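Visitor: I am new to this structure and should be grateful for a close look at a single part of it.

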Amino acid sequence: MTNLISTTARGLYPISVTPFLDNGAIDFASMDRLVDFFLEIGVPGITLLGLMGEATKLSKEESIDLVRRVVRRLDGRAQVITGVSQAGFNEFTSFTEAMMGEGASGIMVAPASSLKSEDQVLAFFEAISARIGEHVPIALQDYPQSTGVYISADTLGRIIERVPNIQILKHEEGSALRKITKMRAQEERGGRRRVSILVGNSGLHLPQELARGADGANTGVAFPEILVEICDRFFAGHAEGAEDLYDIFLPLIRHEWQVGVGLAIRKEIFRRRGLIASAATRAPGPSLDRDDHAELSRLLARLDRRLVEAGESSVIRSYRVSAAN
(Lines give C-alpha, C1' and ligand atoms only; values in the text may rest on other atoms or scores of the structure.)
Protein backbone atom coordinates (compact mmCIF):
# COMPACT_ATOMS: atom_id res chain seq x y z
CA MET A 1 0.00 0.00 0.00
CA THR A 2 1.24 3.49 -0.83
CA ASN A 3 0.22 7.08 -0.10
CA LEU A 4 -0.86 6.21 3.42
CA ILE A 5 -1.70 8.77 6.09
CA SER A 6 0.97 9.29 8.72
CA THR A 7 1.78 11.29 11.82
CA THR A 8 3.02 14.10 9.54
CA ALA A 9 -0.52 14.91 8.28
CA ARG A 10 -0.92 18.68 8.14
CA GLY A 11 -3.32 21.26 6.72
CA LEU A 12 -6.95 20.79 5.73
CA TYR A 13 -8.41 17.35 5.05
CA PRO A 14 -11.98 18.27 4.05
CA ILE A 15 -14.80 15.88 4.79
CA SER A 16 -16.71 15.59 1.55
CA VAL A 17 -20.43 15.51 1.06
CA THR A 18 -21.82 12.68 -1.02
CA PRO A 19 -23.71 14.27 -3.94
CA PHE A 20 -27.05 12.71 -4.86
CA LEU A 21 -29.32 13.13 -7.82
CA ASP A 22 -32.88 14.17 -7.08
CA ASN A 23 -33.90 10.51 -7.39
CA GLY A 24 -31.51 9.52 -4.58
CA ALA A 25 -28.77 7.91 -6.68
CA ILE A 26 -25.14 8.92 -6.16
CA ASP A 27 -24.19 11.72 -8.56
CA PHE A 28 -20.73 10.64 -9.67
CA ALA A 29 -20.31 13.53 -12.12
CA SER A 30 -20.74 16.00 -9.25
CA MET A 31 -18.34 13.95 -7.15
CA ASP A 32 -15.77 14.32 -9.90
CA ARG A 33 -16.20 18.11 -9.83
CA LEU A 34 -15.78 18.16 -6.07
CA VAL A 35 -12.59 16.10 -6.28
CA ASP A 36 -11.17 18.43 -8.94
CA PHE A 37 -12.06 21.42 -6.76
CA PHE A 38 -10.35 19.92 -3.70
CA LEU A 39 -7.23 19.34 -5.78
CA GLU A 40 -7.40 22.89 -7.12
CA ILE A 41 -7.34 24.40 -3.63
CA GLY A 42 -4.39 22.24 -2.63
CA VAL A 43 -5.64 19.90 0.07
CA PRO A 44 -3.37 16.99 1.07
CA GLY A 45 -6.29 14.60 1.43
CA ILE A 46 -10.05 14.08 1.50
CA THR A 47 -12.27 12.19 3.92
CA LEU A 48 -15.18 10.17 2.53
CA LEU A 49 -17.99 8.32 4.32
CA GLY A 50 -18.12 10.59 7.34
CA LEU A 51 -21.27 11.96 8.95
CA MET A 52 -21.29 14.74 6.37
CA GLY A 53 -21.04 12.12 3.64
CA GLU A 54 -24.24 10.42 4.84
CA ALA A 55 -22.28 7.19 5.17
CA THR A 56 -25.01 5.35 7.08
CA LYS A 57 -27.36 5.81 4.12
CA LEU A 58 -25.03 4.10 1.63
CA SER A 59 -24.85 0.40 0.98
CA LYS A 60 -21.48 -1.34 1.17
CA GLU A 61 -21.46 -1.60 -2.62
CA GLU A 62 -22.20 2.12 -3.02
CA SER A 63 -19.45 2.98 -0.55
CA ILE A 64 -16.93 0.87 -2.45
CA ASP A 65 -17.98 2.40 -5.78
CA LEU A 66 -17.61 5.92 -4.34
CA VAL A 67 -14.17 5.31 -2.87
CA ARG A 68 -12.97 3.60 -6.06
CA ARG A 69 -14.18 6.54 -8.17
CA VAL A 70 -12.50 9.15 -5.98
CA VAL A 71 -9.21 7.27 -5.62
CA ARG A 72 -8.96 6.88 -9.39
CA ARG A 73 -9.83 10.53 -9.94
CA LEU A 74 -7.16 11.66 -7.49
CA ASP A 75 -4.56 9.37 -9.07
CA GLY A 76 -2.18 9.68 -6.13
CA ARG A 77 -2.37 13.48 -5.94
CA ALA A 78 -4.08 13.45 -2.54
CA GLN A 79 -4.92 10.91 0.13
CA VAL A 80 -8.32 9.40 0.91
CA ILE A 81 -9.43 8.66 4.46
CA THR A 82 -12.62 6.62 4.72
CA GLY A 83 -14.95 6.46 7.69
CA VAL A 84 -15.57 2.95 9.03
CA SER A 85 -18.45 2.65 11.48
CA GLN A 86 -19.66 -0.96 11.23
CA ALA A 87 -20.61 -2.18 14.71
CA GLY A 88 -19.53 -5.83 14.47
CA PHE A 89 -15.84 -6.66 14.21
CA ASN A 90 -16.40 -9.04 11.28
CA GLU A 91 -18.21 -6.37 9.25
CA PHE A 92 -15.68 -3.76 10.37
CA THR A 93 -12.77 -5.89 9.18
CA SER A 94 -14.42 -6.76 5.88
CA PHE A 95 -15.28 -3.14 5.15
CA THR A 96 -11.79 -1.94 6.06
CA GLU A 97 -10.22 -4.52 3.77
CA ALA A 98 -12.50 -3.38 0.95
CA MET A 99 -11.62 0.29 1.46
CA MET A 100 -7.88 -0.33 1.64
CA GLY A 101 -8.15 -2.65 -1.35
CA GLU A 102 -9.60 0.22 -3.38
CA GLY A 103 -6.62 2.41 -2.50
CA ALA A 104 -7.73 4.28 0.61
CA SER A 105 -4.92 5.92 2.59
CA GLY A 106 -6.36 5.08 6.00
CA ILE A 107 -9.57 4.78 7.97
CA MET A 108 -11.33 7.04 10.46
CA VAL A 109 -12.68 5.27 13.53
CA ALA A 110 -14.66 6.53 16.53
CA PRO A 111 -15.08 4.46 19.70
CA ALA A 112 -18.28 2.42 19.80
CA SER A 113 -21.06 4.15 21.71
CA SER A 114 -21.54 1.03 23.87
CA LEU A 115 -18.18 1.51 25.60
CA LYS A 116 -18.62 2.54 29.24
CA SER A 117 -15.09 2.92 30.59
CA GLU A 118 -11.77 4.20 29.33
CA ASP A 119 -10.22 0.75 29.76
CA GLN A 120 -12.90 -0.56 27.41
CA VAL A 121 -12.00 2.14 24.87
CA LEU A 122 -8.36 1.05 25.00
CA ALA A 123 -9.34 -2.60 24.58
CA PHE A 124 -11.60 -1.66 21.65
CA PHE A 125 -8.77 -0.05 19.66
CA GLU A 126 -6.35 -2.84 20.54
CA ALA A 127 -8.88 -5.39 19.26
CA ILE A 128 -9.39 -3.41 16.05
CA SER A 129 -5.65 -3.31 15.44
CA ALA A 130 -5.40 -7.05 15.97
CA ARG A 131 -8.21 -7.61 13.47
CA ILE A 132 -7.10 -5.33 10.63
CA GLY A 133 -3.34 -5.48 11.17
CA GLU A 134 -0.95 -2.80 12.33
CA HIS A 135 -0.27 -1.76 8.72
CA VAL A 136 -3.67 -0.04 8.31
CA PRO A 137 -3.38 3.60 9.45
CA ILE A 138 -6.11 4.99 11.70
CA ALA A 139 -7.43 8.48 12.35
CA LEU A 140 -9.00 8.19 15.82
CA GLN A 141 -12.11 10.37 15.95
CA ASP A 142 -12.60 11.77 19.46
CA TYR A 143 -16.15 13.10 19.13
CA PRO A 144 -17.98 12.52 22.42
CA GLN A 145 -20.88 14.82 21.52
CA SER A 146 -21.87 12.18 18.97
CA THR A 147 -20.62 8.91 20.47
CA GLY A 148 -21.28 9.64 24.13
CA VAL A 149 -17.79 8.29 24.88
CA TYR A 150 -15.47 10.73 26.64
CA ILE A 151 -11.75 9.90 26.59
CA SER A 152 -9.24 11.68 28.81
CA ALA A 153 -5.93 12.94 27.46
CA ASP A 154 -4.12 10.34 29.59
CA THR A 155 -6.15 7.49 28.11
CA LEU A 156 -5.66 8.83 24.59
CA GLY A 157 -1.93 8.77 25.31
CA ARG A 158 -2.15 5.12 26.38
CA ILE A 159 -4.11 4.23 23.24
CA ILE A 160 -1.59 5.96 20.98
CA GLU A 161 1.30 4.15 22.63
CA ARG A 162 -0.31 0.71 22.48
CA VAL A 163 -2.00 0.95 19.07
CA PRO A 164 0.67 1.77 16.47
CA ASN A 165 -1.97 2.11 13.72
CA ILE A 166 -3.04 5.49 15.09
CA GLN A 167 -1.44 8.24 13.03
CA ILE A 168 -3.97 11.06 13.48
CA LEU A 169 -6.06 12.18 16.42
CA LYS A 170 -9.18 13.88 15.13
CA HIS A 171 -9.89 16.18 18.05
CA GLU A 172 -13.58 17.00 18.11
CA GLU A 173 -14.46 17.31 21.78
CA GLY A 174 -16.34 20.58 22.17
CA SER A 175 -14.69 23.30 24.26
CA ALA A 176 -11.68 21.09 25.01
CA LEU A 177 -8.76 23.22 23.92
CA ARG A 178 -6.86 22.11 27.01
CA LYS A 179 -6.87 18.53 25.72
CA ILE A 180 -4.68 19.61 22.77
CA THR A 181 -2.28 21.29 25.21
CA LYS A 182 -2.14 18.15 27.36
CA MET A 183 -1.56 15.91 24.35
CA ARG A 184 1.35 18.02 23.14
CA ALA A 185 2.78 18.19 26.68
CA GLN A 186 2.83 14.39 26.81
CA GLU A 187 4.99 14.34 23.69
CA GLU A 188 7.32 17.06 24.91
CA ARG A 189 7.94 15.14 28.13
CA GLY A 190 8.89 12.12 26.05
CA GLY A 191 5.88 10.25 27.34
CA ARG A 192 4.89 8.91 23.95
CA ARG A 193 5.31 9.30 20.19
CA ARG A 194 3.95 12.35 18.40
CA VAL A 195 0.81 12.05 16.28
CA SER A 196 -0.90 14.53 14.02
CA ILE A 197 -3.83 16.39 15.59
CA LEU A 198 -6.51 17.54 13.17
CA VAL A 199 -9.61 19.26 14.51
CA GLY A 200 -13.28 19.00 13.56
CA ASN A 201 -16.43 20.88 14.54
CA SER A 202 -16.31 22.94 11.32
CA GLY A 203 -13.11 24.59 12.52
CA LEU A 204 -15.18 26.61 14.98
CA HIS A 205 -12.12 27.27 17.16
CA LEU A 206 -9.45 26.73 14.51
CA PRO A 207 -7.12 29.70 15.25
CA GLN A 208 -7.02 28.83 18.94
CA GLU A 209 -6.57 25.13 18.20
CA LEU A 210 -3.66 25.82 15.86
CA ALA A 211 -2.04 27.95 18.57
CA ARG A 212 -2.45 25.06 21.02
CA GLY A 213 -0.58 22.70 18.70
CA ALA A 214 -3.08 21.32 16.20
CA ASP A 215 -1.69 20.46 12.76
CA GLY A 216 -4.78 21.44 10.80
CA ALA A 217 -8.42 20.47 10.37
CA ASN A 218 -10.40 17.45 9.25
CA THR A 219 -13.83 18.92 8.78
CA GLY A 220 -16.43 19.90 6.22
CA VAL A 221 -17.28 23.48 5.30
CA ALA A 222 -18.68 24.94 2.09
CA PHE A 223 -15.69 27.24 1.50
CA PRO A 224 -12.81 24.89 2.36
CA GLU A 225 -10.27 27.08 0.58
CA ILE A 226 -10.63 29.63 3.38
CA LEU A 227 -9.56 27.03 5.95
CA VAL A 228 -6.67 26.07 3.66
CA GLU A 229 -5.55 29.69 3.62
CA ILE A 230 -5.92 30.06 7.39
CA CYS A 231 -3.69 27.03 7.98
CA ASP A 232 -1.15 28.19 5.39
CA ARG A 233 -0.88 31.63 6.99
CA PHE A 234 -0.56 30.24 10.48
CA PHE A 235 2.22 27.82 9.55
CA ALA A 236 4.00 30.59 7.62
CA GLY A 237 4.17 32.65 10.82
CA HIS A 238 1.24 34.97 10.09
CA ALA A 239 -1.12 33.98 12.89
CA GLU A 240 -2.78 37.40 13.10
CA GLY A 241 -3.50 37.46 9.38
CA ALA A 242 -4.93 33.96 9.65
CA GLU A 243 -7.26 35.01 12.45
CA ASP A 244 -8.28 38.20 10.64
CA LEU A 245 -9.46 36.08 7.71
CA TYR A 246 -11.14 33.64 10.08
CA ASP A 247 -13.11 36.50 11.68
CA ILE A 248 -14.64 37.32 8.30
CA PHE A 249 -15.62 33.71 7.73
CA LEU A 250 -16.91 32.97 11.25
CA PRO A 251 -20.59 33.99 10.77
CA LEU A 252 -20.94 31.49 7.91
CA ILE A 253 -19.10 28.75 9.82
CA ARG A 254 -21.47 29.27 12.73
CA HIS A 255 -24.48 29.16 10.40
CA GLU A 256 -23.34 25.96 8.69
CA TRP A 257 -22.71 24.31 12.05
CA GLN A 258 -26.39 24.11 12.99
CA VAL A 259 -27.42 20.68 14.20
CA GLY A 260 -29.84 18.93 11.86
CA VAL A 261 -30.01 21.40 8.99
CA GLY A 262 -26.27 22.05 8.64
CA LEU A 263 -25.72 19.40 5.98
CA ALA A 264 -28.52 20.85 3.83
CA ILE A 265 -26.97 24.32 4.13
CA ARG A 266 -23.57 23.08 3.02
CA LYS A 267 -24.98 21.14 0.12
CA GLU A 268 -26.97 24.15 -1.02
CA ILE A 269 -23.84 26.31 -0.99
CA PHE A 270 -21.96 23.71 -3.00
CA ARG A 271 -24.88 23.67 -5.44
CA ARG A 272 -24.84 27.46 -5.76
CA ARG A 273 -21.12 27.31 -6.38
CA GLY A 274 -21.70 24.95 -9.29
CA LEU A 275 -19.86 22.09 -7.63
CA ILE A 276 -22.79 19.71 -7.28
CA ALA A 277 -25.94 19.56 -9.38
CA SER A 278 -28.41 19.06 -6.55
CA ALA A 279 -28.52 19.88 -2.84
CA ALA A 280 -30.55 16.74 -2.19
CA THR A 281 -29.83 14.67 0.90
CA ARG A 282 -30.79 11.02 0.94
CA ALA A 283 -34.06 10.38 2.79
CA PRO A 284 -34.62 10.80 5.62
CA GLY A 285 -32.62 14.00 5.50
CA PRO A 286 -32.93 17.76 5.95
CA SER A 287 -33.86 20.33 3.32
CA LEU A 288 -34.15 24.11 3.28
CA ASP A 289 -37.37 26.12 3.14
CA ARG A 290 -37.89 29.56 1.60
CA ASP A 291 -36.78 31.42 4.72
CA ASP A 292 -33.64 29.29 4.97
CA HIS A 293 -32.74 30.14 1.37
CA ALA A 294 -33.26 33.87 1.92
CA GLU A 295 -31.19 33.77 5.10
CA LEU A 296 -28.37 31.94 3.35
CA SER A 297 -28.37 34.41 0.44
CA ARG A 298 -27.96 37.29 2.86
CA LEU A 299 -25.08 35.62 4.69
CA LEU A 300 -23.29 34.78 1.45
CA ALA A 301 -23.69 38.36 0.23
CA ARG A 302 -22.25 39.64 3.52
CA LEU A 303 -19.30 37.24 3.24
CA ASP A 304 -18.62 38.40 -0.31
CA ARG A 305 -18.80 42.06 0.70
CA ARG A 306 -16.56 41.65 3.73
CA LEU A 307 -13.94 39.76 1.74
CA VAL A 308 -13.88 42.55 -0.85
CA GLU A 309 -13.67 45.27 1.83
CA ALA A 310 -10.76 43.49 3.51
CA GLY A 311 -8.94 42.89 0.22
CA GLU A 312 -9.32 39.16 0.70
CA SER A 313 -11.59 38.29 -2.22
CA SER A 314 -8.79 36.38 -4.00
CA VAL A 315 -8.91 33.76 -1.23
CA ILE A 316 -12.01 32.35 -2.92
CA ARG A 317 -9.98 30.89 -5.73
CA SER A 318 -12.76 29.62 -7.96
CA TYR A 319 -16.53 29.29 -8.27
CA ARG A 320 -16.92 32.68 -6.58
CA VAL A 321 -19.30 34.50 -8.94
CA SER A 322 -22.19 32.10 -8.51
CA ALA A 323 -21.78 31.74 -4.76
CA ALA A 324 -24.39 34.35 -3.76
CA ASN A 325 -26.92 33.62 -6.52
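Guide: What follows is an account of one helix and its surroundings.

This is a predicted model, in which local features need pLDDT of at least 70, side-chain atom pairs count only at pLDDT 80 or more, and totals for chains, interfaces and linings use all residues. Residues are numbered from 1 along each chain as its sequence is written, and side-chain values use heavy atoms, with hydrogens and water left out.

Helix H7 comprises the 12 residues 177-188; helices (H or I, at least four residues) and strands (E, at least two) are DSSP runs, numbered from the N terminus. At 1.5 Å a residue, counted for one less than the number of residues, H7 should span 16 Å, and its end C-alpha atoms are 17 Å apart, which agrees.

Lys 179, Ile 180, Met 183, Arg 184, Gln 186 and Glu 187 are buried in H7 (under 20% relative accessible area, with exposed meaning over 50% and partly exposed in between; 1.4 Å probe, protein chains only). These residues cover an arc of only 150 degrees around the axis, which puts them on the same side of H7; the arc is that of the directions from the helix axis to the C-beta atoms. An α-helix has 3.6 residues a turn, so residues three or four places apart point the same way.

The face turned away from the buried side carries the exposed residues Arg 178, Lys 182 and Glu 188. The cover over the buried residues includes strands E5 (138-142), E6 (166-171) and E7 (196-199), and helices H6 (153-162) and H8 (206-212); contact means heavy atoms within 4.5 Å. After H7 comes Gly 190, with a positive phi near 80 degrees.
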